[in-house]
Each structure stands twice: as structure tokens, then as C-alpha cells.
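User: Please go through this model with me and give the reasoning behind each label. I would like values set against cut-offs.

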Amino acid sequence: MSAAEAYLSEVLEAFDFGAVVVGAVRFGMGHINDTFVVHTQPEDACCRRFILQRMSPAAFKRPDHLMENITGVTEYLGREIEKNGGDREREALRVIRPRNGEPYYTDRDGGAWRIYPFVEGTICYQSAETPALFAASGRAFGRFQRLLQDYPAHTLHETIPHFHDTEDRLAKLKAAVAADKLGRAAECREEIEFVLAREADCSTALQALRDGVLPLRVTHNDTKLNNVLMDERTGEGLCIIDLDTVMPGLAINDFGDSIRFGANHSAEDETDLSKVNLDVDLFETYTQAFLEGAEGSLTAKEIEYLPWGAKLMTLECGMRFLTDYLEGDVYFHISRERQNLDRCRTQCKLVRDMEAQWDRLAEIVGKYR
Ligand code: ADP
Ligand code: GN1
Ligand code: MG
């Protein structure tokens, strides 16, 4: 499949934007999909924008399943938001179908494309610039959890099988190390050892699920700060985006992935590890905000396991970056050599920090139980 740009004119024709299309350019900082912003010029209004995305063929084997999930979830969220007196058009994504009436458009080479209205008046942050901002994202993800608590989970497809199956992620890493297809394993010895030393941890949350200690819920599964659009005016988390991985999962993982990405002051691919540190105050800020947004929808056990969510999402993400590095960077977009290895190293550093401050993390969640 060629670069997404090669299909743009075909794809833009496939949708009715309701106005003249002025152009489309790459947009955002996602690692997975090819995202563009489309500018249109209505006759009697100013520029109206849309988000156009080619769903990653490496990540998503069944775009039909994926779009069925997203359509179901966005319509459900829309109804809940309206019931609560919210602004449906700004607080939830809306899928716009192509002219042929299908839920998404398939290009000449099988690539799957969708559009959403651009949610205007919002900012998408790449790092938690202030604690207030991080808290706002926590409330938004907690609220997302609550709004979907009665969604019929059995109707959702597993868009990426074994997505947060940490045991399976470990098995895949071991396979990549054994194959060592590009001869990269030697330079990653330390990281491989780091992960292998934590093999038992990889089963902690899954075992709690198997034992019925943690419930299966409808979860987002990719709760990075840049997957929530913040209202420019109020500074509150307005709209949760990137719904590709909404599936049945663990609430502690939604909490944990936010901590992994946001409770520090460095980029995910920072090469100077002295700058990569878990900020325990931010951990507390997020814990309080997430639980506030969830409004009592989590169990005491889920709250107790929140630090595990943080540690396991970070360890798992480190393993995924490492696996992708060993396999030749086929999954996560990269813009420079060794970027996936650098990403893996930041995750290992954060796991180390979490372990060093484990008692403190447990004490913090204890306060909110
Ligand atoms: P990826 O899976 O590649 O991260 P996302 O769905 O998160 O793809 O989209 C990438 C970026 O595009 C987001 O981080 C955000 O900046 C922007 N974006 C996505 N959807 C919208 C939208 N409806 N309105 C405004 N910006 C959006
Ligand atoms: C990807 O799509 P994006 O950039 O929000 C990935 C997440 C990882 C994250 C690491 C579908 O998220 O699981 O945690 O990169 N999404 C998918 O930055 O694999
Ligand atoms: Mg994203």
C-alpha cells in the first residue's frame, strides 16, 4: 500500500463535505493512523474543517468491525450527552458516511478511510503542561468510563485481539528476540533483561480478572493525553477521541495508560533519561480527577489496583516499542532511527520509578478508596 497521500484525490471525492474542498494536509501527532485535516469553504460561512483518517492497516485487520464499534459508541455517547444537557456535536465524535452510504470508504488498494467533523475551539496537548490540565483529562476519561458503564459490552468487537493482554505481549517480545530478524537484539540486552525480570508482574491484572477480582468493562484502552480534546475556553476535557480501541477491558488500564503518558515531564521518546521521572504529585492529581469523573462507578478493588494499571501499562508499552524495534518498526510510526528503542527506554525508566515509589502510590490511592 502506498503513502496515504497517493489516495487523497480519490478519497476526497468519495465524501460529501457540503462545500468546496480547499485542501487536505497531514495533521496531529498520532503514532497509528494517517490523519489529515480537510479545509472546506462554504459559500456563506467561514472555513469548515474535517478530520480525515486512513485507519492503520498494520494495526486494524477488520475496519468493518472497528467502524461498527465506533458508530455504536459515538451514537450511544451522543444520546447520553444530550440526556445530560451537553453539546453533542462538541462532546462526542460523529461519523460522517461516504457518498456510497457505507460506514467508511475503501480505496482502490483496500485502504479504509473515515471522516469526522473537526471539533473546533479545542486544543490537543502532547504533554501535561499544568496539573490543572492533567486533572481535566482525568475527569474526562473517568466520565467516559462512567457514561459507558451500561453499554452492552458483548456487542463490541475486539478490534485488536489481545491488545492489553500483557502475557501475550511478553510472548510476542520473546518471539521477536528469538527471531532477531534485523540483528538488533544485542543492543537491547539491558531492556530485554529488564522486561524478563518482570515476567510474573505481567500476569497480575489478568489473574485478578480471571479470579473475578477485577470486572470487565467497556474501556478506551488508549488514554493518552493527546486523545482528549481540551476546551480552549474552559480548559476542561471536552471530547474523547481515538476510539479505535474501545473494547471490553480493565478500567485500571485506562487509568494506567494516562499515568504512563502524562505523569512525567518528558517526551515519550526522550533520549536523556535523567529527564524522565514519574511525578508522584501528578499521579495524585490524576487519581483524584479520574475518580471524580467516574463518580463512584469503580469498585474498591479497582481503586486498590490502580498502581498496577500504571505499572503494567508502562511495562507493556515498553515491551511493545521494543518488539516493534526488533521487528523493524512496522507498527509505530517513527520519524528517526532508534526512536522505538528510545521510547522503550523511557518506559523502563518510568517503571523503575514506580517501583521505587510503590508504597507512596498505594498510599495515595488508599486515600480515595
Ligand atoms: P492516532 O490513532 O494515530 O493517534 P487520532 O484519532 O488520535 O489518531 O488522531 C490524531 C490527532 O488528530 C489527534 O491527536 C488530534 O490532534 C487530531 N484529531 C483527531 N480527531 C479530531 C477531531 N474530531 N477534531 C479535532 N482534532 C482531531
Ligand atoms: C498508539 O494511536 P495513538 O498514537 O494514540 C497506540 C497505543 C500506545 C501509544 C504509545 C492502536 O497510540 O496503544 O500506547 O501509541 N495505539 C494503538 O504512544 O496501538
Ligand atoms: Mg491518538
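**Ligand 2 and the sheet**

Analyst: In this predicted model, an N or O atom in the side chain of Asp-222 is 3.0 Å from an oxygen atom of ligand 2.

User: What makes that pair with Asp-222 a polar contact?

Analyst: A polar contact needs a pair of N or O atoms within 3.5 Å. The Asp-222 pair is at 3.0 Å, so it counts. The side chain of Asp-242 has an N or O atom 2.9 Å from an oxygen atom of ligand 2, and for Tyr-331 the distance from a polar side-chain atom to a ligand 2 oxygen is 2.5 Å. Ligand 2 has 440 Å² of accessible area on its own, and the protein covers 98% of that.

User: Which residues come nearest to ligand 2, and how is the shell around it made up?

Analyst: His-31, Lys-224, Glu-268, Arg-320 and Tyr-331 come nearest, out of 18 residues around ligand 2. The shell divides into eight nonpolar, four polar and six charged residues. Helix H11 (residues 306-326) gives the most, with three residues. The space that ligand 2 takes is the largest pocket.

User: How do you know that strands S2 and S3 pair?

Analyst: Pairing requires at least two bridges. Seven bridges join S2 (residues 34-41) to S3 (residues 48-54), so the two strands pair; they run antiparallel. Thr-40 stands opposite Arg-48 in S3.

User: Why are S1 and S4 called edge strands?

Analyst: The open sheet has five strands in the order S1-S2-S3-S5-S4, with antiparallel pairing. S1 (20-26) and S4 (105-106) each have a single partner strand, so one side of each has no neighbour in the sheet.

Technical notes
Residues numbered from 1 in each chain as written. Chains lettered and ligands numbered in written order. Predicted model: local features only at pLDDT ≥ 70, side-chain atom pairs only at ≥ 80, totals over all residues. Heavy atoms only, no water. Helix = DSSP H or I, 4+ residues; strand = E, 2+ residues; numbered from the N terminus. Near = heavy atom within 4 Å. Polar contact = N/O pair within 3.5 Å; in protein donor to acceptor, adjacent residues only side chain to side chain. Areas by Shrake-Rupley, 256 points an atom, 1.4 Å probe, with all protein chains shown as cover. 1 Å grid on protein atoms, 1.4 Å probe; cavity = no way out; pocket = protein on both sides within 12 Å on 5 of 7 lines; lining within 4 Å. Sits in = over half its atoms within 2 Å of the grid points. Nonpolar A, V, L, I, M, F, W, Y, C, P; charged D, E, K, R; others polar.
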